[in-house]
Each structure stands twice: as C-alpha cells, then as structure tokens.
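Here's a friendly walk through one protein model, for someone meeting it for the first time. Have a look at it, then read on.

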Amino acid sequence: MDDENRVFRPGAVVYEGSQISYAGSPDGYQGPLEQEIVVPDGILLPGLLNGHNHAAMSLMRGMADDSPFFEWLTQHVWPVENRLTAEDIRVGSLLAAAEMIRSGTVGFADMYFEVEATAEAIATAGMRAWISRGLVGLEDPEGEKLNQAVAFARDWQGKAEGRIVTMLGPHAPYTCPPEYLERVAEAAKLAGVGIHIHLSESADEMKQLQERYQRTPVQLASEAGIFASRTLIAHGVFIGEEDLPYLQGMTGGVITCPVSNAKLGNGILPYAMLKEAHIPVGLGTDGATSTNSLDMFLEMKAMAWLQKIAEGRPEGFHAAEALWAATRGTAEVLGHPGGRIAEGAPADFIVVDGNQAHMTPEWDVVANLVYSAVGSDVRYVVINGRIVLQEGIITTFDEAEVIREAKARGERLMREGAKH
Ligand SMILES: N[C@@H](CCSC[C@H]1O[C@@H](n2cnc3c(=O)[nH]cnc32)[C@H](O)[C@@H]1O)C(=O)O
Ligand SMILES: [Zn+2]
C-alpha cells in the first residue's frame, strides 16, 4: 500500500526516527540498518485509523445492549457517565488502547470528557489520538465547558511528540442548539482546530430536528458555521441528496461506524452517493458501549457487508474500499499524512500474521485482510517509529494490570448502578 497501491512480495520498509525512509523490494535498499526485523509470512500494511471513538466507554461494554437508541443513550449510558471519575476515564482509555493496539489501530479520533485523563493515557500508550471534549450545549448555558474545551485544545495541541491533536467536539445538533453550535464554530476558527460532531445518525434525530427547526442535521451544522473549520462527521447514516451542496465545499469528511449503526438499528451510510460526490469517507468503531469491540478488522467486514446489502449486488463495493476507508480515508478526513506506506509518511504500520489456516492460501492479499483476518492476527504495531506491539506483546504499559483495574472499576459501576 504505497501511493500507487503496489504490493511488494517480498517487501521491506525502512524507517528513521518517526518517518518512513524507504518502502519497496528489499533489494532496492542499500543503506545502513541499525536493527532488522524479519517476519516470514508477515503482511505489512499502514496502521489502521479509527475515526470515531469514545475510548473510555470500554468500561460500559455490554451494558444495556439491545435497547432502543435514545433510551440506550439517555436512560442507560448518561446516568453511568455522570458517575465516571477522571481515574475511571484514564483506565478505560488504557483498556481501549490495549484493545486497539492489539487489533492494529495506530490512532483514533475521540470525543469524551475528562479529556486530560484520556490524553495522558494515550501519551503513555504510544498511540496517536485526535481528542475533543464532547460538548452538550443544553448542559452548558454559561459556556464554561466550551471554555475548558478550548483551553484543553490549546494546551494539548501537538503534545506527546505530535501524537496528540486536539479538536472541539459539539456532541450533536439535538443536544447543541443552533446558537451554541455557532459559538463552538467561532471558537474552533479562533483556536485553529477541527470539529468532531455526530450528524444524521438515527431516524429519530432526523424527525426531531425536522420538527424543531425544519432542517437536516447537516443543514443546521452548515448554517451555524461548523464547516468553516475541518469537520469530522460521525455516522452520517441519513445524509441525503439535499445535504450534498452543504458538504461539497467542506474540509474533512464522514466517518462511518457500520457495527454501531447495525447494532443500534440505525441504518447504512449512503457510501455510493458520497463517493460520487468526492466526499472522503473514513471508518470508525464508535464507543465499545454501542459496538462492544474496537476491532477495525471487524469494522472493515461490516462496512463491506452492509454496503453490498445496500447496493443489492456484491460488485457494488470492493474489499480495497474498506481497507482504504480504514487507512487513507480516515487520514483524509483528519488531514493526517498517515494511512499509507511511502517515503516521508509517518512510521505507523502493522504486521499481520499471514501464516495461519484462515489466511491460506493467498489468492488476494487484500481480500484476505478484509474478509478473513481478525484483530488478533496482528503481531507488530509501530507508531511514530516506536514498536508498541512486539510479537504480540504491548511494550508501552502493563496490559494485565490495566485489565485488572478495569475489571474492578467495571464491577464498581455495576454495583452503583443497581442502587440508582
Ligand atoms: N455530557 C458530557 C459530554 C459528552 S461526551 C460525548 C458523549 O457522546 C455519547 N455517545 C456515545 N456514542 C454515541 C452515539 O452513537 N451517538 C450519540 N452520542 C453518543 C457518549 O455517551 C458521551 O456522553 C459532559 O458534558 O460531561
Ligand atoms: Zn459516537
């Protein structure tokens, strides 16, 4: 997966510091090597980029599954979130980091609260993250949370060797009235940061906003000036033809979360329409409370399956498009130079074990990666030139300790839940 989508067999990647300095056939590199790692039957590809997450929601995995969307969010999730401490969020973020690293994700876009705890966890874990403090306008009449979000965005921009990028995160137009969206849009422009927002996720949302404002979520965001900054639109399931004129001139794009959209019964992204309109589409998991898993390999499969169903024909969506969405697609939405293997690109890549029954034989390496591989096939993860997963072991923090801590905290939240 270099800039021309070539496959090298055998292949070699050389990196120096945090950048790739050579990618191609092993014979083509004559320079010095400080260290060499040979992985027979390894498949090296760009690290996956998870475009939409609420990492610390991993602590609520499996809670209130199979309930209606708004009930799930307002009756189940929000009351537990009100009891999460900064330390819960730090541990939940590390738990998510362990799961993501193990399944080949090198970076993710996150929207949550107690964001300093997430930022510290991610700095430790060695991942990349695009972090925004989620803002619910209805809970922020004085704009105090917006001010804190801006302060975080300024303080943490480019921290952890540039691995942390900050954004502003107005939650959605059904929780942020137009005047509030306008204030966030203005603040983002002033601070020079991008915006991360949920738009057009459910039929209920469309109906509510139509009744309240006679607008679609995309129209509301556009009229509030959100698209004046780079914008990451999470979900976009109900984006329609009428929204395209508002999206066409924007910087950023849409992150589809097919497992979450399927599990919450919301629907399928109109991918073909967006592709035709040249709007970048990336891939994300959403939080583990809706998706239960942060495995981008699962997400690629779900994207391919759902798009084929939507098209009503298998040739309507190709495996390479899912792999593109999980790498370059998310990178384009974020304005990040990664998601590719090429000279000058960030040294962010993963190695998948191709020497397994379910990966044999290899008629088509992309088909194997998208339709056969699972997250646990990942053996090596390199982020910003640092080996973060080595022969299946996380090198940056004590994973077993994090799992123990997360288990205890999950149990505490369950006990408290019964009392409320
Ligand atoms: N209420 C918080 C900030 C919200 S952070 C982002 C929010 O997005 C919520 N969330 C997670 N997944 C989804 C989704 O799929 N759609 C809408 N909201 C979601 C999540 O529960 C979290 O409350 C405060 O000011 O303290
Ligand atoms: Zn979300």
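Which element gives the most to the shell around ligand 1? That would be α1, with three residues. Before going further, some ground rules: this is a predicted model, where local features need pLDDT of at least 70 and side-chain atom pairs count only at pLDDT 80 or more, while totals for chains, interfaces and linings use all residues. Residues are numbered from 1 along each chain as its sequence is written, and chains are lettered from A and ligands numbered from 1 in the order in which they are written.

**Around the ligand**

Ligand 1 is surrounded by 19 residues, counting a residue as near if its C-beta atom, placed from the backbone, lies within 6 Å. The closest are V77, F113, G134, V136 and H198. Two elements give two or more residues to this shell: α1 (69-81) and β5 (105-112). Helices here are DSSP runs (H or I, at least four residues), as are strands (E, at least two), numbered from the N terminus.

**Two domains**

An automatic or database domain assignment sets the bounds, splitting the chain into domain 1 (12-45 + 341-392) and domain 2 (46-334). Their centres, taken over C-alpha atoms, are 28 Å apart. Where they meet, 22 residues of domain 1 are in contact (C-beta atoms, placed from the backbone, within 7 Å) with 21 residues of domain 2. On the domain 1 side, α14 (365-372) is one of the elements supplying at least two residues, and α14 has the largest share, five residues.

Here's how the ligand shell and that domain 1 side divide by class, with Ala, Val, Leu, Ile, Met, Phe, Trp, Tyr, Cys and Pro as nonpolar, Asp, Glu, Lys and Arg as charged, and the others, Gly among them, as polar:

| Set of residues | Nonpolar | Polar | Charged |
|---|---|---|---|
| Shell around ligand 1 | seven residues | seven residues | five residues |
| Side of domain 1 that touches domain 2 | 17 residues | three residues | two residues |

**The core**

The largest nonpolar core has 125 residues. Such a core is a set of buried Ala, Val, Leu, Ile, Met, Phe, Trp, Tyr and Cys residues joined through C-beta atoms within 7 Å; buried means 20 or more other C-beta atoms within 10 Å of a residue's own, with C-beta atoms placed from the backbone. A97, M300 and V381 have the most contacts inside this core. Helix α2 (residues 86-102) gives the most to the core, nine residues, and each of domain 1 and domain 2 adds at least three. Leaving aside neighbours within four places in sequence, M300 is in contact with L283, A322, L323, A326 and V370.

Notes. Buried ≥ 20, exposed ≤ 12 C-beta atoms within 10 Å, placed from the backbone. Contact = placed C-beta atoms within 7 Å.
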